[in-house]
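Here are some short exercises to work through with the structure open beside you. Try each task before reading its solution.

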Amino acid sequence: MVLNLTLLTVSLRETTRFTALESVLSVLLSPAQEIITQISRLVTDVWHGYFYLVNLRKQNELLQQELRKLRAQSSQFKEMELENRRLKEMLRYEQATQTEMVIARIIAREPSNWTKVITINVGEKAGAKKGLPVVTDQGLAGQIISTYHQSSRVMLITDLRSSVDALMQRSRGGGVVVGEANGLCRVKYFPIDQEVKIGDQLITSGLGGVYPKGLTIGKVSRIQKSQYGLFQELEVTPAVDLERSEEVFIILNPEISPTITTKKSN
Amino acid sequence: MKFIYIIIMLLMATVIQTTILSPISFFHIKPELFLILSVYFGLSFGRITGTAAGVFTGILQDILSGGFLGTNSLSKGFGSFICSIVSDRLAGGNVISQFFLIFGFTLVDGLFSQLIGLAAFRNNVPFHYFIPGLLWLGLFNAVVGCFLVHFLNRLEGCLMGKTSKDQGNKPKRNRYGVWA
């Protein structure tokens with residue numbers, strides 16, 4: 001107790017007397033202190049770097065899974081939105097015409113490159129019959145060639161076996177539109193003296209009683225005139241994108257032309 | 001067992017060809033699984049069974065196309081028959097001969113379809129599209145067909161190995177690539 005009191009009194013009076021002792025202690029202790037501090041820092045880093053990261057990785061994986069699930073859901077909603085838009089357009093077309101129609105979905109496509117036949121999910125049960133025309137809101141797609149209880153097969157206008165009697169909308173010249181199996185059609189027997197331009201629209205003439213009059217077939221994309229002969233050959237791009245269509249209409253009463261009714265403005 | 005295997009293969013080919021393969025086309029051309037299967041049947045099942053399977057494949061394709069029955073059955077049956085002869089006489093099991101068989105068969109089948117179109121419907125695919133289209137189709141079928149035939153051979157090998165009564169003697173291919 002006496003020694004402590006003495007040391008205390010001396011250090012309060014003369015602060016510089018013990019500086020040398022502090023220096024010696026500092027020199028002896030600081031390397032060890034530094035080493036121990038570095039070791040403890042390393043242990044802390046490992047702890048945070050490894051165990052924490054493992055936890056972080058698990059969180060990351062869970063979040064990625066959640067993101068994938070949400071992306072898939074978003075894609076489904078987008079698809080439903082697009083289908084809704086398509087069906088609304090088709091419904092608007094159906095309501096605007098006076099014809100009786102049944103909507104059908106395309107469930108299978110042609111089994112070879114040289115035939116253009118699709119299968120739809122509407123059959124005899126819903127009123128489909130052989131020979132009925134098949135259209136979309138863009139124009140003529142084809143004709144039913146066989147029906148079953150709940151499905152039917154439709155020959156597209158681009159099939160080699162298809163032929164549609166047609167009229168040029170502008171010049172009223174007539175011809176027969178046949179399929180070419182390459183996604184396009186051709187007009188045969190179009191008189192050589194009839195005026196035609198690229199972009200002219202072709203519609204069904206109504207002759208033969210198969211297709212009602214006025215259905216859009218397509219537009220002229222190429223004209224081939226020979227020096228001799230009575231007819232010119234025209235290449236036609238169909239109005240309906242037959243490769244990408246997903247829904248079609250079957251016209252149940254083809255004897256009535258599908259004229260679009262418009263409301264008179266007062 | 002062979003009969004069931006052929007039926008299953010044809011059913012799967014029908015579903016895949018008319019649904020999944022439809023969006024996969026380049027310039028309106030897509031591989032023809034029925035044609036490739038006809039070649040496979042001819043190479044793997046011998047003259048009688050292979051040709052019969054080829055005819056049956058063609059009949060199925062005719063029914064699905066809504067065309068005259070007999071158009072595709074004649075060309076597929078004939079193709080299977082030729083492939084079965086080739087597999088007997090040459091090394092029908094290797095990739096190069098399969099490539100040329102499928103390519104050649106595609107050309108013959110396409111020409112046959114064009115002739116039928118001209119004869120029956122007075123209509124044909126325009127030549128400026130038909131000839132390059134047919135060559136590309138031949139190449140497309142040959143490339144896809146080589147992989148498919150190889151896969152089907154393996155599948156057939158696994159099934160035949162498993163169902164073989166004599167476990168000691170597993171079926172092997174002879175030097176012409178035909179199952180002994």
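**Exercise 1. Decide whether Arg105(A) is buried, partly exposed or exposed, and find its salt-bridge partners.**

Step 1. This is a predicted model, and in it Arg105(A) has a relative accessibility of 37%. Partly exposed covers the range between 20% and 50%, so Arg105(A) counts as partly exposed.

Step 2. Look for acidic side chains. Arg105(A) forms a salt bridge with Glu83(A), with N to O at 3.0 Å. This pair links distant parts of the chain: Glu83(A) belongs to helix α2 (residues 19-96) of chain A and Arg105(A) to strand β1 of chain A, 22 residues apart.

Step 3. Now take Glu247(A), whose side chain meets that of Arg105(A) in a salt bridge of 3.5 Å, N to O. Here the partners are 142 residues apart, with Arg105(A) in strand β1 and Glu247(A) in strand β12 of chain A.

Step 4. Check the cover on the two acids. Glu83(A) is partly exposed at 22% relative accessibility, whereas Glu247(A), at 5%, is buried.

**Exercise 2. Work out which parts of chain A are tied together by the salt bridge between Asp200(A) and Arg170(A).**

Step 1. Start with the distance: the closest N and O atoms of Asp200(A) and Arg170(A) are 3.0 Å apart.

Step 2. Place each residue. Asp200(A) sits in the loop between β8 (185-191) and β9 (201-204) of chain A, and Arg170(A) in the loop between β6 (163-168) and β7 (174-179) of chain A, so the salt bridge ties together parts that are 30 residues apart in sequence.

Step 3. Compare the classes. Asp200(A) has a relative accessible area of 7% and is therefore buried; Arg170(A), with 38%, is partly exposed.

Step 4. Step back to the wider picture. Glu83(A), Arg86(A), Arg105(A), Glu246(A) and Glu247(A) are joined into one network by salt bridges that share partners. Over all chains, the whole structure holds 13 salt bridges.

**Exercise 3. Identify the strands that pair with β1(A), and give the sense of each pairing.**

Step 1. Strand β1 (residues 101-108) of chain A runs antiparallel to strand β12 (residues 247-251) of chain A, and 5 bridges join them. Within this pairing, Phe249(A) in β12(A) stands opposite Ile103(A).

Step 2. β1(A) also pairs in the antiparallel sense with strand β2 (residues 117-120) of chain A, over 2 bridges. Ala108(A) has Thr119(A) in β2(A) as its bridge partner.

**Exercise 4. Find the residues of chain B that make a nonpolar surface patch of about 980 Å².**

Step 1. The patch is made by Phe3(B), Ile4(B), Ile8(B), Met12(B), Ile16(B), Ile20(B), Ile24(B), Phe26(B) and Phe27(B).

Step 2. Take one member as a test case. Phe3(B) lies in helix α1 (residues 2-20) of chain B. Because exposed means over 50%, Phe3(B), at 61% relative accessibility, counts as exposed.

**Exercise 5. Judge how confident the prediction is along chain A.**

Step 1. Chain A has a mean pLDDT of 81, with 84% of its residues at 70 or more.

Step 2. Confidence is highest in strand β3 (residues 133-135) of chain A, at 92, and lowest in helix α1 (residues 2-13) of chain A, at a mean of 68.

Step 3. Over residues 260-266 of chain A, pLDDT stays under 50, and the model has 5 contacts beyond four places in sequence for them.

Terms used
Residues are numbered from 1 along each chain as its sequence is written. Chains are lettered from A and ligands numbered from 1 in the order in which they are written. This is a predicted model: local features need pLDDT of at least 70, side-chain atom pairs count only at pLDDT 80 or more; totals for chains, interfaces and linings use all residues. Side-chain values use heavy atoms; hydrogens and water are left out. pLDDT is the predictor's confidence in each residue, from 0 to 100. Helices (H or I, at least four residues) and strands (E, at least two) are DSSP runs, numbered from the N terminus. Contact means heavy atoms within 4.5 Å. Two strands pair if DSSP finds at least two bridges between them. Patches are made of residues with over 30% relative accessible area and no salt bridge: like charges are joined within 9 Å, nonpolar side chains (Val, Leu, Ile, Met, Phe, Trp, Tyr) within 5 Å. Accessible areas come from the Shrake-Rupley method with a 1.4 Å probe; for residues, only the protein chains shown count as cover. A salt bridge is a side-chain nitrogen of Lys or Arg within 4 Å of a carboxyl oxygen of Asp or Glu. Buried means under 20% relative accessible area, exposed over 50%, partly exposed in between (1.4 Å probe, protein chains only).
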